[in-house]
Amino acid sequence: MSAETKQNNSFFSFETLIVSALFFIPVLSPAFFGWLHGLLAVPVVYMLLSHGMKSGTIHLGICLTVAGVIALAVNRAEIMAFSLTMIPLGYTLAHSASTREQPSLSGGKGFAVLAASWFVFWLFFAMLTEINPYTQLIQSINTGLQEAGELYSAQDSGLSEEARYSLKLLLEETRKGIPSFLPGILASIVLVTVWLNMLISNRLVERLLRINAPWGPYGSWKLPEHLVWLPIAAVMLILTGSGQVEHAGTWLFMLSAVAYLFQGLAVCLSLLHRWHVPRYLRAVIFFVLA
């Protein structure tokens, strides 16, 4: 057995340390590195595709054990528990990548799995703490908007009387509209999270494992043609429905808008590649778009 093979088969390696760090760094400093929670499916995909499902699961188990011990040591097991909600998404994307599924199908499966994982986590959280996280989120947003209104309504805020009145109306309408669009925002966050993990995993696997990108170049990603009925149905619900039906149409329209944003970015990247636009200029263009 070669030295390279021995290194790859070793369960305690620099690779294991890196993956463990990716899981316990958000636990140690959630204020600065909490955003890493949303990308933890990437190391899962890499480990499973690099070592295979069986061996990769053992490597991943070691990494999670190390991160879990650190989380228990600093008394932040609940944050580590939230990190684990990304594991099912990682397995789903790894399986889709290994079978070379279409990006849209992989994304759809990932969306369903991540939404279910987060729902189950927050459901158990609510049962254990007797706190409804959704209601608490709405209350926190309302409190923030109320404090912002009080701050800018002060006489020394520098705003004119008319501007303060307009701002007050805007904040009040926003507070009333939160229940109608917040579920759509949360669903869009799930979709964005899946898309980012797919995008990064696709590139990382290609660069580090020296294999073809599992889902092909991003510029070739396409949404199914029949998905065009989703925004059409959403608009119909908004125009003809009322109450929860209208709200459901709003949520569907937000989801479809995010999905077609990704499609637009893929088309833009494909055109830039076809026109042989330099990489640094592509980065500038996408930065401006973002």
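**Helix 4 and its two neighbours**

In this predicted model, helix 4 and helix 5 cross in a right-handed manner. Helix 4 covers residues 41-51 and helix 5 covers residues 53-73. Their axes come within 6 Å of each other and cross at roughly 140°. Angles over 145 degrees would count as roughly antiparallel, and those from 65 to 115 as roughly perpendicular. The crossing angle of roughly 140° therefore makes helix 4 oblique to helix 5.

The residues that form this contact can be located on both helices. Helix 4 contributes Val44, Met47, Leu48 and His51, while helix 5 contributes Met53, Ser55, Gly56, Thr57, His59, Leu60 and Cys63. Sorted by class, the contact of helix 4 with helix 5 comprises six nonpolar and five polar residues, with no charged residues.

One of the helix 4 residues in this contact, His51, deserves separate attention. His51 has a relative accessibility of 18% and therefore counts as buried, since the cut-off for a buried residue is under 20%. The side chain of His51 also makes a polar contact with the side chain of Glu15, at 2.5 Å.

The reader may now turn to the second neighbour, helix 7, which spans residues 87-98. Helix 4 packs against helix 7 at an angle of about 45°, and the two axes are 8 Å apart. Helix 4 and helix 7 are therefore oblique to each other, and their crossing is right-handed.

On the helix 4 side, the residues that meet helix 7 are Ala41, Val44, Val45, Leu48 and Leu49. Their partners in helix 7 are Ile87, Leu89, Gly90, Tyr91, Leu93, Ala94, Ala97 and Ser98. The residues of this contact divide into 11 nonpolar and two polar, and no charged residue takes part. Val44 and Leu48 are named in the contact of helix 4 with helix 5, and Val44 and Leu48 are also named in the contact with helix 7.

Within helix 7, Gly90 offers a closer view of this packing. Is Gly90 buried or exposed? Its relative accessibility is 0%, so Gly90 counts as buried. Leaving aside residues up to four places away in sequence, Gly90 touches Ala41, Val44, Val45 and Leu48. These four residues are among those by which helix 4 meets helix 7. A further relation links Gly90 to Gly110, which lies 20 residues away along the chain. The C-alpha atoms of Gly90 and Gly110 are separated by 8.5 Å.

Conventions:
Residues are numbered from 1 along each chain as its sequence is written. This is a predicted model: local features need pLDDT of at least 70, side-chain atom pairs count only at pLDDT 80 or more; totals for chains, interfaces and linings use all residues. Side-chain values use heavy atoms; hydrogens and water are left out. Axes are lines fitted to C-alpha atoms, for helices over the stretch in contact, and angles run from 0 to 180 degrees between N-to-C directions. Angles under 35 degrees count as roughly parallel, over 145 as roughly antiparallel, 65 to 115 as roughly perpendicular and the rest as oblique. A crossing is left-handed if the near helix is turned anticlockwise from the far one by less than a right angle, and right-handed if clockwise. Contact means heavy atoms within 4.5 Å. Ala, Val, Leu, Ile, Met, Phe, Trp, Tyr, Cys and Pro count as nonpolar, Asp, Glu, Lys and Arg as charged, and the others, Gly among them, as polar. Buried means under 20% relative accessible area, exposed over 50%, partly exposed in between (1.4 Å probe, protein chains only). A polar contact is a pair of N or O atoms within 3.5 Å; within protein, one must be able to donate a hydrogen and the other to accept it, and residues adjacent in sequence count only if both atoms are side-chain atoms.
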